[in-house]
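Please look at the structure shown here before reading on. A visitor asks, and a guide replies.

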Amino acid sequence: NMFFVMLVIFPMSIVVCVQLALHVFGDLLDSIIVDVASECHRIARLGLERKLDEEEEELRLSAQARARIADPSNNVEANGKYVVDIFGQTHPPVANEIFDCMNCGRSIMAGRFAPHLEKCMGKGRKARLKATRSSTAAQNRYSRGSPVSTYSPYSSTASINRLSNGNPRVATGECSNGTVEEP
Amino acid sequence: MSTKPLFHKTNKSLPGKFRRASIKRPPTPDAEEEQDREPTLQEIINIKLIESGEKEKLKELLRERLIECGWRDEMKTLCRAFTRKKGRENVTVDDLVHVITPKGRASVPDSVKAELLQRIRAFLQTAAL
């Protein structure tokens, strides 16, 4: 037994002291081992391992992207179709996704949606004026002489104004309080 | 050392350093055999450690050092490997404790161990011995 071996070399008090210290250390270490085991158990049972891996992957990708920006050899200047973004992707100058206009139902190219909507909602409104609830509000706005020929009491008003000013913002018929946030 | 157990009503009859112990509990009502024997030196030291808050500080210090040196990551890797083998749903805390205890105890860096032992012995010197 170590105890007796040490006793031969060192006085009792030191031996006891060292023994006690080792015992305390062992206690602390065991306690920390339980903590680690408990945490790993939690991660395992909650399936957090996947999430951690995904987060790690995200961090790695964003670090990569940042590195790509910093790299001077990348072509950053606008060059028609060859502008490269931080993920190394290129995008066409006109957005070419196609979807259905929620007003008239036609298939529209995203980059051409704003001008389409100008015509689409402008013409449509003439027919819809009679059916609107607050026709007084429509007449009020109409008489104020806005650049657009017809009005609707709903938000399209504000949005149409902006559309005709060349703002690429898309407006839907859904906002009903007549306000659109400034970009 | 007095023959009376430390956990008795008053400690006025105890010599010098042991009087400062603040435990004045009456003996617990359940009749366990362990109540009859005197607390070991280890138990006394443990109580002093906890009461003074030193145990918590020591644990924090050890935890910090073990994280710094990568010990914790090693243990977590072991746990992950075991979990993959046994299956996420079947793992118990006990399993993991048994998995990492042998390697865990053996792989504490000497410098960390020495630092902690040094502090513990310093505490022992001021506290009791």
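The following exchange introduces the model step by step.

Visitor: What kind of model is this, and how are its residues numbered?
Guide: This is a predicted model, in which local features need pLDDT of at least 70 and side-chain atom pairs count only at pLDDT 80 or more, while totals for chains, interfaces and linings use all residues. Side-chain values use heavy atoms, without hydrogens and water, chains are lettered from A and ligands numbered from 1 in the order in which they are written, and residues are numbered from 1 along each chain as its sequence is written.

Visitor: Which pattern does chain A follow along the sequence?
Guide: Helices (H or I, at least four residues) and strands (E, at least two) are DSSP runs, numbered from the N terminus. Chain A has 6 helices and 2 strands. Read along the sequence, its pattern is α-α-α-β-β-α-α-α.

Visitor: How do helix 2 of chain A and helix 5 of chain B lie to each other?
Guide: Helix 2 (residues 12–45) of chain A and helix 5 (residues 110–127) of chain B pack at about 120 degrees, with axes 9 Å apart. The axes are lines fitted to C-alpha atoms over the stretch in contact, and angles run from 0 to 180 degrees between N-to-C directions. Angles under 35 degrees count as roughly parallel, over 145 as roughly antiparallel, 65 to 115 as roughly perpendicular and the rest as oblique. Helix 2 of chain A and helix 5 of chain B are therefore oblique.

Visitor: Which residues of helix 5 of chain B make this contact?
Guide: Contact means heavy atoms within 4.5 Å. From helix 2 of chain A, the participants include A:Ile14, A:Cys17 and A:Phe25. Helix 5 of chain B contributes B:Lys113, B:Leu116, B:Leu117, B:Ile120, B:Arg121 and B:Leu124.

Visitor: Is A:Cys17 buried or exposed?
Guide: Buried means under 20% relative accessible area, exposed over 50%, and partly exposed in between (1.4 Å probe, protein chains only). The relative accessibility of A:Cys17 is 6%. Therefore A:Cys17 counts as buried.

Visitor: At what angle do helix 2 of chain A and helix 4 of chain B pack?
Guide: Helix 4 of chain B covers residues 93–106. Its contact with helix 2 of chain A involves B:Val93 and B:Leu96, among others. The axes are 9 Å apart, and the angle is about 135 degrees.

Visitor: Which residue of chain A does B:Thr83 touch?
Guide: B:Thr83 lies in helix 3 (residues 71–86) of chain B and, at 9% relative accessibility, counts as buried. Leaving out residues up to four places away in sequence, B:Thr83 touches B:Arg88, B:Val91, B:Leu96 and, from chain A, A:Ala44.
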